[in-house]
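This report covers one helix, a surface patch and some backbone angles. The sequence and structure come first.

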Amino acid sequence: MRSFLLPLLLLAGCASGTDNLGTTQSVRVQERMPEGFAAWTDAPAPYRFGPGDRVKVQFLLTPEVNETSLVAPDGTISLRVAGRVETAGRTTAELERTVASASRRTLNNPIVTVGLDEAGSSVAFVGGQVRRAGAYPVTGRRGIAEVIAQAGGLEDAARMDQVVLIRRSPEDRPMLRVVNLQGFISGADATGDVPLVAGDIVFVPRNRLSEVGLWVDQAINRIIPFSRSFSYAINKNTPGNLF
C-alpha cells in the first residue's frame with residue numbers, strides 16, 4: 001500500500017452565509033501553525049514508487065542479475081538477489097540504497113540503479129460534488145478541469161470557486177490551496193486550473209468547506225494511511241494567512 005504523507009483534515013469553525021447581525025460572512029481556509037500545511041510551492045516533489053509501478057533494477061558490475069519487477073499491492077518488489085524489498089513510498093535514491101543493502105547477502109559491493117519502467121500508480125483522488133468520485137490517472141499534463149471531467153463532471157451544488165487541492169511538498173509535507181475553477185472556465189482567472197501530479201487530492205465542496213475533512217476521513221483514509229498531525233481551520237472573515 002502506497003505510503004502518503006497526507007493530512008487528516010480536522011475542522012474548526014463551519015459555515016458561510018449571514019450571521020445574527022445580518023452581515024455577510026465568507027468561508028476562507030487558514031493555516032494553523034505550527035501544525036498547519038506547508039507553504040504552497042510549484043517545485044516538483046521527487047517521484048515515489050507505488051503499487052502497480054514497474055521498477056527497472058540494474059546492477060552495474062553484475063548486469064546478468066538485472067531485472068524489472070512490479071510493485072505488489074503490499075508495496076514490495078521481489079528480486080532474485082535481494083528478496084522482497086519495501087518499495088512503496090520510496091524515491092529513486094532511497095530505493096537504490098535499500099536494494100543495494102539487501103543485495104549484499106549475495107553480491108559484493110553492489111552498485112545499483114533503479115528507474116521507473118512504467119507508471120501504474122500515478123493517480124489523483126477526486127471527491128465531493130462530482131458524479132463519480134474515485135482515483136483517476138494523471139499521466140501527462142492533466143489539470144483539475146480535466147480530471148473533474150473524468151469524474152463525470154460537477155453536480156449542480158458544486159462550489160467551483162473554492163475547489164480544494166492537497167499535494168505533498170518536496171520536503172514530504174502536505175500543502176493545501178484553494179483553486180478558483182469557475183474563474184478559469186469563465187476566462188477571468190488563468191491560474192484556476194492547476195496541472196496535477198501523482199497523489200494529489202481534489203475536493204469539490206458544496207456551499208461550505210466544512211465537509212472536506214469528513215470526505216477525507218470516509219473516502220480516502222480507507223485507501224491510504226494518513227499522518228494525523230496536520231490540520232487546517234475554516235474561519236469567517238479572518239484577515240491574513242488566507243489561501
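A residue counts as exposed when its relative accessible area is over 50%, and as buried when that value is under 20%. The model described here is predicted.

Leu 60 has a relative accessible area of 60% and is therefore exposed. Leu 60 sits in the loop between β4 and β5 (67-70). Together with Leu 61 and Ile 111, Leu 60 makes up a nonpolar surface patch, and the accessible area of the three adds up to about 320 Å².

Helix α1 spans residues 92-103, which is 12 residues. From its first C-alpha to its last, α1 reaches 16 Å, close to the 16 Å expected at 1.5 Å a residue. The buried residues of α1 are Leu 95, Val 99, Ala 100, Ala 102 and Ser 103. These residues lie on the same side of α1, because the arc they cover around the axis is only 165°. In an α-helix there are 3.6 residues a turn, so residues three or four places apart point the same way. The cover over the buried residues of α1 includes four strands: β4 (54-59), β6 (76-79), β7 (83-86) and β8 (112-118).

Two residues other than glycine have a positive phi.

| Residue | Phi | Loop |
|---|---|---|
| Asn 109 | about 45° | between α1 and β8 |
| Asp 172 | near 70° | between β11 (163-168) and β12 (174-179) |

Is Asn 109 buried or exposed? With a relative accessibility of 63%, Asn 109 counts as exposed.

Key: Residues are numbered from 1 along each chain as its sequence is written. This is a predicted model: local features need pLDDT of at least 70, side-chain atom pairs count only at pLDDT 80 or more; totals for chains, interfaces and linings use all residues. Side-chain values use heavy atoms; hydrogens and water are left out. Helices (H or I, at least four residues) and strands (E, at least two) are DSSP runs, numbered from the N terminus. The expected span of a helix is 1.5 Å times one less than its number of residues. Buried means under 20% relative accessible area, exposed over 50%, partly exposed in between (1.4 Å probe, protein chains only). The arc is that of the directions from the helix axis to the C-beta atoms. Contact means heavy atoms within 4.5 Å. Patches are made of residues with over 30% relative accessible area and no salt bridge: like charges are joined within 9 Å, nonpolar side chains (Val, Leu, Ile, Met, Phe, Trp, Tyr) within 5 Å. Accessible areas come from the Shrake-Rupley method with a 1.4 Å probe; for residues, only the protein chains shown count as cover. A salt bridge is a side-chain nitrogen of Lys or Arg within 4 Å of a carboxyl oxygen of Asp or Glu.
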